[in-house]
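User: Please look closely at one part of this model, the surroundings of the ligand, and then lead me outwards from there through the rest of the fold.

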Amino acid sequence: MLTGAGISAESGVRTFRGAGGAGSAGDGRSPQGGASIALWYEHRLEDVATPEGFERDPQLVWRFYSERRKLAASVQPNPAHLALAKLEERIGERLFLCTQNVDALHEKAGSREVLHMHGQLLATRCSKCDRAPFRDPSAYESPPRCDCGALLRPHVVWFGEMPFGLAQIYRALEACDLFVSVGSSGAVYPAAGFVSHLRHLGRARCVYVGLERPENAHSFDECRLGKAGELLPSLFRID
Ligand code: OAD
């Protein structure tokens, strides 16, 4: 199971692309690839979502993520998040839940095992030392520092950085017989390539659930178009 920004849309979190999205088309194809100039929540993606942007102006980056942290505190999971938490209750570790979202709505809904491949908004880590990332809901006006003296940074994956957990994700894909992607535009790699990898393996049925056909729609067996909060509970027969 792969979730993207669309699963949190009904909770009031803006998506990056698609209707009501916070960014604009073509805002970088890959967290590891080059990012082009685009607006991202009214900021240039380069300024707030790249390691270079953080080096240039850590205060701007921290203000940006602090605002997003404040918003995150007030949002609640919707029926799509709740359906996935119930699905985990029912089938346990046969469900592998990987999200591109940095919000904590899956956890708020009760999901226990969630792989956040693009990091977590409510976590912080050191930009230099190997101190473990820690939970941190704080909003900062100026950039906080680690005990080692270096700047702390949000524990999120920026453009030009490697997503987390790829080895674990690819192991799960190898073992997968049903792949469901929810609310992801299929524009950002490597997540957008999971479905074509499965196609190549030829063992899993691949279903997309979301408002509109994603860019990688051709690789899915089926696209169910509609709101995640309305479609997911019935897809998994959860009431
Ligand atoms: P996008 O914002 O690219 O796509 C969101 C998708 O959700 C769109 O296709 C919408 O049509 C769909 N959608 C909107 N409302 C929905 C609803 N109620 N139910 C179902 N679908 C709905 O989001 P992602 O594909 O997750 O990366 O974006 C991937 C990455 O791009 C993000 O993780 C972020 C961003 O740059 C990083 O920060 C590294």
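Analyst: A polar contact is a pair of N or O atoms within 3.5 Å. The model is predicted, so local features need pLDDT of at least 70 and side-chain atom pairs count only at pLDDT 80 or more, while totals for chains, interfaces and linings use all residues. Residues are numbered from 1 along each chain as its sequence is written, and side-chain values use heavy atoms, with hydrogens and water left out.

With that in mind, we can begin at the ligand, which has 23 residues around it (a heavy atom within 4 Å). Those that come nearest are F16, R17, S184, S185 and E212. By character, this shell divides into nine nonpolar, 10 polar and four charged residues, where Gly is counted as polar and Asp, Glu, Lys and Arg as charged. Among the polar contacts, a backbone N or O atom of F16 lies 2.7 Å from an oxygen atom of the ligand, a polar backbone atom of Q100 is 3.1 Å from a ligand oxygen, and a backbone N or O atom of G183 lies 3.3 Å from an oxygen atom of the ligand. The protein buries 97% of the 800 Å² that the ligand exposes when taken alone (areas by the Shrake-Rupley method with a 1.4 Å probe).

We can now turn to the strands and helices, which are DSSP runs numbered from the N terminus (strands E, at least two residues; helices H or I, at least four). Six strands form an open sheet with parallel pairing, in the order β5-β4-β1-β9-β10-β11, where two strands pair if DSSP finds at least two bridges between them. Its edge strands, each pairing on one side only, are β5 (115-116) and β11 (222-225). Strand β4, residues 98-99, is joined to β5 by two bridges in the parallel sense, and T99 has H116 in β5 as its bridge partner. Helix α9, residues 228-235, packs on this sheet and touches β9, β10 and β11 (contact means heavy atoms within 4.5 Å), and its direction makes about 145 degrees with that of β10. Such angles run from 0 to 180 degrees between N-to-C directions of axes fitted to C-alpha atoms, for helices over the stretch in contact. Helix α8, residues 194-201, lies across β1 (2-3), β9 (178-182) and β10 (205-210), and runs at about 160 degrees to β9.

Two backbone details deserve a careful look, since most residues other than glycine have a negative phi and most peptide bonds are trans. P190, in the loop between β9 and α8, is joined to Y189 by a cis peptide bond with omega near 10 degrees. R237, in the segment after α9, has a positive phi, near 50 degrees.

There is also an open sheet of three strands with antiparallel pairing, in the order β7-β6-β8. Its edge strands are β7 (134-135) and β8 (152-156), each of which pairs on one side only. Strand β6, residues 119-126, pairs with β8 over four bridges, and T124 stands opposite P154 in β8. Helix α4 lies across β6 and β8, running at about 135 degrees to β6.

Finally, the loop between α4 (58-74) and α5 (79-91) holds Q76, which touches S11, L105 and K108, leaving aside residues up to four places away in sequence. Although Q76 and G12 are 64 residues apart in sequence, their C-alpha atoms are 8.4 Å apart in space.

Conventions: Polar contact = N/O pair within 3.5 Å; in protein donor to acceptor, adjacent residues only side chain to side chain.
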